[in-house]
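Biologist: Please take a close look at the question of disulfides, and then at the surroundings. How many disulfides does a search of the whole structure find?

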Amino acid sequence: MGEQHSVKFPQEVIDEYAALGVDLPALFSAGHLGTRMGVQILEASAERVVGTMPVEGNTQPYGLLHGGASAVLAETLGSVGSMLHGGISKIAVGVDLNCTHHRGVRSGLVTGVATPVHRGRSTATYEIVISDEEGRRVCTARLTCLLRDVNPGDGAHVGATG
């Protein structure tokens, strides 16, 4: 869990952030919480973000994948998509997350796929479908992020995250 790997971003997006001194693949390693939970982002663009998370270590007392763990995966993937949609002049901040849990999972890896429902100037909404290794839907989530302008000093937090 938490091992480093390469996130697949479009090259033009990597170059845009690199010009600002931001290592985009390192920045979106899923953060400290995502790292502790084993979240790995495999593919990322404003049109589609894909990531995985192990069930092991992310269960509730009955041995099932914790609903909060699914929420962490969903918010991570939707936030990355929103940030990529907003571009370098915006910061994506989650303002609404809802999750419907369809089935329990006791082992293996779950995969989340975030796709846009709405991409506007001030908000972005993504649907995130989380499935088990057999392709069965485990959770459906929807995340709305506020896209706010970057303020002076935000860069210090962005740069420190990677």
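Modeller: The search of the whole structure finds zero disulfides, a disulfide being a pair of cysteine sulfur atoms within 2.5 Å. Cys139 is in none, and the nearest cysteine sulfur, that of Cys99, is 4.5 Å away. This is a predicted model, in which local features need pLDDT of at least 70 and side-chain atom pairs count only at pLDDT 80 or more, while totals for chains, interfaces and linings use all residues. Residues are numbered from 1 along each chain as its sequence is written, and side-chain values use heavy atoms, with hydrogens and water left out.

Cys139 is buried at 0% relative accessibility; buried means under 20% relative accessible area, exposed over 50%, and partly exposed in between (1.4 Å probe, protein chains only). Cys145 is also buried, with a relative accessible area of 0%.

Cys139 is one of the residues in contact (heavy atoms within 4.5 Å) with Ser70, leaving aside the neighbours of Ser70 within four places in sequence. The others are Met53, Leu65, His101 and Ile130. Ser70 lies in helix α4, residues 67-86, and is buried at 2% relative accessible area. Helices (H or I, at least four residues) and strands (E, at least two) are DSSP runs, numbered from the N terminus.

Met53 leads to strand β2 (residues 49-54), where six of six residues are buried. Val49, Gly51 and Met53 point one way from β2, and Val50, Thr52 and Pro54 the other. β2 runs antiparallel to β1 (residues 40-44), with four bridges; pairing requires that DSSP finds at least two bridges between the strands. Six bridges pair β2 with β4 (residues 109-119), again antiparallel, and there Pro54 has Leu109 as bridge partner.
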